[in-house]
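I opened this notebook to keep track of what I looked up, one entry at a time. My plan is to go from single residues to pairs and then to a helix.

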Amino acid sequence: MFARASRSFRWKMSETNRAACSDGDEEQVSGAEVIAQALKTQDVEYMFGIVGIPVTEIAVAAQKMGIRYVGMRNEQAACYAASAIGYLTGRPGVCLVVSGPGLIHALGGMANANMNCWPLIVIGGSSERSQETMGAFQEFPQVEACRLYSKFSARPSSIETIPSIIEKAVRSSIYGRPGACYVDIPADFVNLQVNVNSVRYMECCMPPPVSMAETSAICMAATVIRNAKKPLLIIGKGAAYARAEEGIRKLVERCKLPFLPTPMGKGVIPDNHPNCVAAARSRALQFADVIVLFGARLNWILHFGLPPRYQPDVKFIQVDICAEELGNNVKPAVTLLGDINAVTKQLLEQFDKTPWQYPPESSWWKTLREKMKSNEAASKELASQKSLPMNYYTVFYHIQEQLPRDCFVVSEGANTMDIGRTVLQNYLPRHRLDAGTFGTMGVGLGFAIAAALLAKARNTGQRVICVEGDSAFGFSGMEVETICTTCPSFFWW
């Protein structure tokens, strides 16, 4: 049931809607029920939000349909939770919000999902159609506003068109580069009754089609890698989302290549793998002559791929599902357009035909290992300090000692997140969630709730550990109450 339903959320159908309900003996269905059934048909399992006029009945109908509804304390946090579900499962979660301010609060979560390329559906109530442009309660140009933050934004023209709009929203959210989609529901649609036989539900959309890179590009990429003197693989969260962990690990171990994970690429290959050079990140980026990007973008996180962080003549091999991403900021030596998991398997097949290994005793490996050793020694020295107040390394050293190897680590903040990712280890893919591409603060507790719900549903017993900076925590701190009423036994702080 709702964690915080109140009398203010209970409202009666308008006279118009009640009249529509008394249409002879034909079986009737409400707009809210159609929405819930359409979502269920599209395999949507989780909904987060704050109920109120005009969306309360949608949440009730969703619960009756078997969709898990979690009442949150802020729409932004609800949106973060729904987007994290999308990242962790590959199927979008839903954020349900009221009109006007409720939707506006969710826009930050929509933007964050779009920038992170995570699937998300936002369903927002809006003012009644008959009152449009009249200054209705919380009237706002919601469909237009959401176009800036989403891949798809639409309002159904009738109850009967709701299933097709929701199917397109779900499909758009997971096809190509994943992202946020918005469906606007006028208030008068929620309780409006229509003949049940007039509604046609769309079949569940198929999983995203798997595309593969051109064979000639695969051959060229393999040749460039073989000729590298100082190769480096960079593993981004796109590889984690694509579930490419098995193939990428085989590639690393078969070819003896050094790899560097981005913050949410951590765990695709365990951080303690001998080929992980995260402890020598700056050195690896600065002197590599060939870099393969697996679902990692040359944005601010990777210093745009430009000098002085990189060699002026470094050769980039980009592996990405989005054609528009290829060539951003630098001209790549090779582009591999396709599903990251499928493209990785293509590369493996190429190296199977003509086996090759990068020499483990090369001068490049020697340079990287020496830098890793010196940086790890410096970190241990900082962690051993007993000064007051404690430094971050001391805190994280003691936290790391207590962490289960299969836990989810959710972290945000400035130094809290940046230093934490160098100390706190990840051993499983999609088990680190942080501020991400958009650098959004306040995401932590919403992300953590989503991870805990999945751990509970899958009965894995996995813990969720929140490591929060005080300022970042403040943005969504009230969601601790949501945690206490949802699945508190899964959390460590």
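**Entry 1: a surface patch.** I began with Phe304, which I found in the loop between β11 and β12, and I kept in mind that this is a predicted model. Is Phe304 buried, partly exposed or exposed? Its relative accessible area is 40%, and since partly exposed covers the range between 20% and 50%, Phe304 counts as partly exposed. I then noted that Phe304, together with Trp300 and Leu306, makes a nonpolar surface patch of about 300 Å².

**Entry 2: Tyr241.** Next I turned to Tyr241, which is found in helix α10. Tyr241 has a relative accessible area of 18%, and because buried means under 20%, I wrote Tyr241 down as buried. Which residues is Tyr241 in contact with, once its neighbours within four places in sequence are left aside? I listed Gly86, Tyr87, Gly90, Pro119, Ile174 and Pro178. I also looked up Gly295, which is 54 residues from Tyr241 along the chain, and the C-alpha atoms of the two are separated by 8.8 Å.

**Entry 3: Ser172.** Ser172 lies in helix α7, which runs over residues 162–174. With a relative accessible area of 16%, Ser172 is buried. Not counting residues up to four places away in sequence, I found that Ser172 touches Lys151, Phe152 and Cys181.

**Entry 4: salt bridges.** How many salt bridges does the structure hold? The count is 14, and I looked at some of them by name.

Arg73 forms a salt bridge with Glu481, and their closest N and O atoms are 3.6 Å apart. This pair links distant parts of the chain, since Arg73 is in the loop between β3 and α4 while Glu481 is in helix α19, 408 residues apart. Arg73 is partly exposed at 34% relative accessibility, and Glu481 is partly exposed as well, with a relative accessible area of 29%.

The side chains of Arg430 and Glu245 also meet in a salt bridge, with 3.0 Å from N to O. This pair too links distant parts of the chain, with Arg430 in the loop between α16 and β15 and Glu245 in helix α11, 185 residues apart. Both Arg430 and Glu245 are buried.

For Asp271 and Lys266, which form another salt bridge, the closest N and O atoms are 2.5 Å apart, and both of these residues are buried. I closed the entry with Glu132, Arg155 and Asp184, which are joined into one network by salt bridges that share partners.

**Entry 5: helix α13.** My last subject was helix α13, which has 14 residues, from 340 to 353. At 1.5 Å a residue, α13 should span 20 Å, and its end C-alpha atoms are indeed 20 Å apart, so the two values agree. At the start of α13, a side-chain oxygen of Asp339 reaches to within 3.2 Å of the backbone nitrogen of Asn341.

Why do I call α13 largely enclosed by the rest of the structure? I do so because 10 of its 14 residues are buried, among them Ile340, Val343, Leu347, Leu348 and Phe351. What covers these buried residues of α13 includes the helices α9, α10 and α11, and also the strands β11, β12 and β13. Here α10 came up again, the helix in which I had found Tyr241.

Conventions: Residues are numbered from 1 along each chain as its sequence is written. This is a predicted model: local features need pLDDT of at least 70, side-chain atom pairs count only at pLDDT 80 or more; totals for chains, interfaces and linings use all residues. Side-chain values use heavy atoms; hydrogens and water are left out. Helices (H or I, at least four residues) and strands (E, at least two) are DSSP runs, numbered from the N terminus. The expected span of a helix is 1.5 Å times one less than its number of residues. Buried means under 20% relative accessible area, exposed over 50%, partly exposed in between (1.4 Å probe, protein chains only). Contact means heavy atoms within 4.5 Å. A polar contact is a pair of N or O atoms within 3.5 Å; within protein, one must be able to donate a hydrogen and the other to accept it, and residues adjacent in sequence count only if both atoms are side-chain atoms. Patches are made of residues with over 30% relative accessible area and no salt bridge: like charges are joined within 9 Å, nonpolar side chains (Val, Leu, Ile, Met, Phe, Trp, Tyr) within 5 Å. Accessible areas come from the Shrake-Rupley method with a 1.4 Å probe; for residues, only the protein chains shown count as cover. A salt bridge is a side-chain nitrogen of Lys or Arg within 4 Å of a carboxyl oxygen of Asp or Glu.
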